[in-house]
Amino acid sequence: MSTIAARLQSLGITLPPLSVPAAAYVPFVRTGNLVFISGHIAKQEDGQPWVGQLGLTMTTVEGQAAARAIAIDLMGTLAAAVGGDLGRVRRIVKVMSL
């Protein structure tokens, strides 16, 4: 059985370090067995934010790349919140996005 870290490595995915908040918030808060993550935006490889409206100013391929980028960033923050071991995560309860 492979670990999450090994699976990510096999996919060529390196989780980013915890980002420095751009405003007055903390990237995550732990309370009991829950972790709340906040303040993430999809960034391109050059660090610029993905901007646009899918189907109008952004293609499906660009939308997929933006979704992948934010998912990887969120996993990096979650890994930091649980001490580096994503295997400790049992369930994602809620995801909210604008």
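Strand E1 (residues 28–31) is joined to strand E2 by 4 bridges, and the two strands run antiparallel; strands here are DSSP runs of E with at least two residues, helices are DSSP runs of H or I with at least four residues, both numbered from the N terminus, and two strands are taken to pair if DSSP finds at least two bridges between them. The model is a predicted one, in which local features need a pLDDT of at least 70 and side-chain atom pairs count only at pLDDT 80 or more, whereas totals for chains, interfaces and linings use all residues. Residues are numbered from 1 along each chain as its sequence is written, and side-chain values use heavy atoms, with hydrogens and water left out.

Within the strand pair, Val29 has Phe36 of E2 as its bridge partner, and Phe28 stands opposite Ile37 in E2. E1 and E2 form a hairpin with 2 residues between them, and in the turn Gly32 adopts a positive phi of about 60 degrees. In a regular strand the side chains alternate between the two faces of the sheet.

The protein contains 2 helices and 2 strands, and from the N terminus on these elements run in the order α-β-β-α. Along its principal axes the C-alpha trace spans about 40 × 35 × 25 Å. The average pLDDT, which is the predictor's confidence in each residue on a scale from 0 to 100, is 87 for the protein, and 97% of the residues score at least 70. Among the elements, helix H1 (residues 4–10) has the lowest mean pLDDT, 90, and strand E2 (residues 34–37) has the highest, 92. Where pLDDT is low, the predicted coordinates should not be read in detail.

Of the 98 residues of the protein, 17% count as buried, a class defined by a relative accessible area under 20%, with exposed meaning over 50% and partly exposed the range in between (1.4 Å probe, protein chains only). The largest nonpolar core, that is, a set of buried Ala, Val, Leu, Ile, Met, Phe, Trp, Tyr and Cys residues joined through side-chain atoms within 4.5 Å, has 7 residues, namely Leu8, Ile13, Ile72, Leu78, Ala79, Val82 and Leu86. Helix H2 (residues 60–81) supplies the largest share of this core, with 3 residues. For Val82, a member of the core, the contacts (heavy atoms within 4.5 Å) outside its neighbours within four places in sequence are with Arg30, Val35, Arg88 and Val89. Across the protein, 51% of the contacts between residues at least 6 apart in sequence join residues at least 24 apart.

Helix H2 also holds Thr77, which counts as buried because its relative accessibility is 2%. Apart from neighbours within four places in sequence, Thr77 is in contact with Leu18, Pro27, Phe28, Ile37 and His40, and of these Phe28 and Ile37 are the residues that stand opposite one another in the strand pair. Asp73, likewise placed in helix H2, is buried yet has no salt bridge, a term that requires a side-chain nitrogen of Lys or Arg within 4 Å of a carboxyl oxygen of Asp or Glu. The nearest side chain of opposite charge to Asp73 is that of Lys43, 5.2 Å away, where Lys and Arg count as positive and Asp and Glu as negative, while His and the chain ends are not counted. Not counting residues up to four places away in sequence, Asp73 touches Pro16, Ser19, His40 and Ile41.

Val61 is a further residue of helix H2, and it counts as exposed because its relative accessibility is 60%; its C-alpha atom lies 18 Å from that of Ile13, the two residues being 48 apart in sequence. In the loop between H1 and E1, Ala22 is exposed, with a relative accessible area of 77%, and its C-alpha atom is separated by 9.6 Å from that of His40, 18 residues apart along the chain. Pro49, in the loop between E2 and H2, is partly exposed at a relative accessible area of 36%. Leaving aside neighbours within four places in sequence, Pro49 is in contact with Ile41, Ala42, Lys43 and Gln44, whereas its C-alpha atom is 16 Å from that of Ser38, 11 residues apart in sequence.
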